[in-house]
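Colleague: I have a few minutes before the group meeting. Could you walk me through some local details of your model?

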Amino acid sequence: MEKKAFLSSLVEYALEMVLAFDSKGIINYANAGAKEKLGYGEEIKGVHIGDIFPTVFDKTEDGFVTEYIFGGEALNMAAYRKNQTCFPTETRMIAYGDEVYVCLSNDILEKEFLSKEVVQVRYEAEQAMKVKSEFVANVTHELRTPVNGILGNVRELLEIENDAAKLKNLHLMERCCENMGMIINNILDFSKLEAGKFTLDPQKFHFKSMLDYIKDSHIRKVTEKGLDFIFSISEDIPEYVIGDELRIVQILNNLISNAVKFTAMGKICVEVVRTAQVNDRIELFFFVMDTGIGIDKKDEDKLFQSFSQVDASISRQYGGTGLGLNICKQLVELMGGTIAVESEKGKGSNFSFSIWVTVPEGEDMGDSSGYTASMPVLGQRRMLADEEEDDTRRYGSEANMEMLKKILSKLILCVEMENWEKAEGFADTVKQLTAEAPREAKSAALRLKMAIQKENYEKTAAAFETLNALME
């Protein structure tokens, strides 16, 4: 095929409309697309360009008048069909001397329709999100009122009730109300974050006082489970910083609560280090480490997804909606940071997150060299902690025997005080400490837990004596 014929074929069957007209505005060529879309067919030859684009070209005795600059940018123009209906186009026109003009035009009717649909869909989505947010806010408010009412009455009864069985039930109701309150708060926060209506409230606050508050909030539950609770704060962190204290507390409370929930023996460590500085802003890294149940590497990504648990048994045994860590992730990202986890099944987890805070004017910035030396030290400490924990889990080792005696003494004290719920928690720890023990010791630990679950004092005492005898 000759080059000229090839180019002519390309123009003829191009998807866009191609028109050629002379200095009088008379169309002398139209490709197949133009003939079809404009509805003229072969009759289009001899039609004036002003009939096709009347808003751009005015007819005159000599030809046409237009303000369009030939060879300029493509413009949106309305193209009129033979039946006087029109459709939107994106059109560019080129002049070859004063005799030949070429019009290249794309039909953008579908594009505009889809664009309008997108706008409509976006508007409907925004309205739906607004309705959902308002619904969630109203429902959580309505739920919180009766829950707080029940909680208040339960706490009043706790002050005057002496019967052990009734006190146990009241404490269970109190805990259920507190859990319900946390779930309501999580749902409300998640709804706000999802709708993009969540805003931070940076204020100046005393950093170490905030950490003391967090430690005091968890110390009772940590010590009740017989765990060590270690806080470590880098000395180069300023005394006062500017950030959203409430949300930082929320993140740490969530991570520490999870650590307490999933750790039956060992320790929980919280560390804060300063890692970088840009002008008056510093980056802080937080680490929450535990020696709890841990998770498989393949399941780590599930942790930060909304409404997700590693597996269903976690939710059944420990409770939770699966929203907490997702909310933490979004809050951390709002504060310019990231959150991550390193874990090993059966050996605990190490959650870490970073945030950026501002140092108030006049406050000592401390070391501004960039990165501190705390990071590698933390890794070494983590390795040492792992070695210590492995030794504690190894049945018969000095650390294992020492921990078993410590936990068993707390367990039997709880039994004597008829605090069966707390005793069951210690029984779980005993079961983990005897996981590598000979069959007789493992059986005794299992019988101990079953007896405590049934609140059977005689069988509990017998299993306790058996374990003590095996340890001598």
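Colleague: Happy to look at this with you. Which two strands flank the loop that holds Asn279?

Modeller: Keep in mind that this is a predicted model. Asn279 stands out by its backbone, with a positive phi of about 55 degrees although it is not a glycine. Going by the strand ranges, 267–278 and 281–290, the loop with Asn279 lies between β11 and β12.

Colleague: Is Asn279 buried or exposed?

Modeller: The relative accessible area of Asn279 is 68%. The cut-off for exposed is over 50%, so Asn279 counts as exposed.

Colleague: Let's turn to Glu455. What is its phi near?

Modeller: Most residues other than glycine have a negative phi. Glu455 sits in the loop between α13 (439–453) and α14 (457–471), and it is partly exposed, with a relative accessible area of 34%. Its phi is a positive value in a residue other than glycine, near 55 degrees.

Colleague: Thanks, that is clear. Where is His48 found, and is it buried or exposed?

Modeller: His48 belongs to the loop between α2 (32–38) and α3 (49–52). Its relative accessibility is 9%, and buried means under 20%, so His48 counts as buried.

Colleague: Which backbone oxygens lie 3.1 Å and 2.9 Å from a polar atom of the His48 side chain?

Modeller: Leaving aside neighbours within four places in sequence, His48 is in contact with Lys24, Gly25, Ile26, Lys59, Gly63 and Phe64. Two of these residues supply the oxygens you ask about. At 3.1 Å from a polar atom of the side chain it is the backbone oxygen of Lys24, and at 2.9 Å it is that of Gly63.

Colleague: Now the open sheet of 5 strands. Which strands stand at its edges?

Modeller: The order across this antiparallel sheet is β2-β1-β7-β6-β5. A strand at the edge has a single partner, so one side of it is left without a neighbour in the sheet. Neighbouring strands here are turned by 35 degrees against each other on average, direction ignored. The edge strands are β2 (27–30) and β5 (75–80).

Colleague: One last point, on β5 and β6. Over how many bridges do they pair, and which residue in β6 stands opposite Asn76?

Modeller: Strands of a sheet pair through backbone hydrogen bonds, either parallel or antiparallel. β5 and β6 (residues 86–96) pair in the antiparallel sense, and the number of bridges is 6. Opposite Asn76, the residue in β6 is Glu90.

Key:
Residues numbered from 1 in each chain as written. Predicted model: local features only at pLDDT ≥ 70, side-chain atom pairs only at ≥ 80, totals over all residues. Heavy atoms only, no water. Pairing = 2+ DSSP bridges. Helix = DSSP H or I, 4+ residues; strand = E, 2+ residues; numbered from the N terminus. Axes fitted to C-alpha atoms, helices over the stretch in contact; angles between N-to-C directions. Buried < 20%, exposed > 50% of the residue type's maximum accessible area, 1.4 Å probe, protein only. Polar contact = N/O pair within 3.5 Å; in protein donor to acceptor, adjacent residues only side chain to side chain. Contact = heavy atoms within 4.5 Å.
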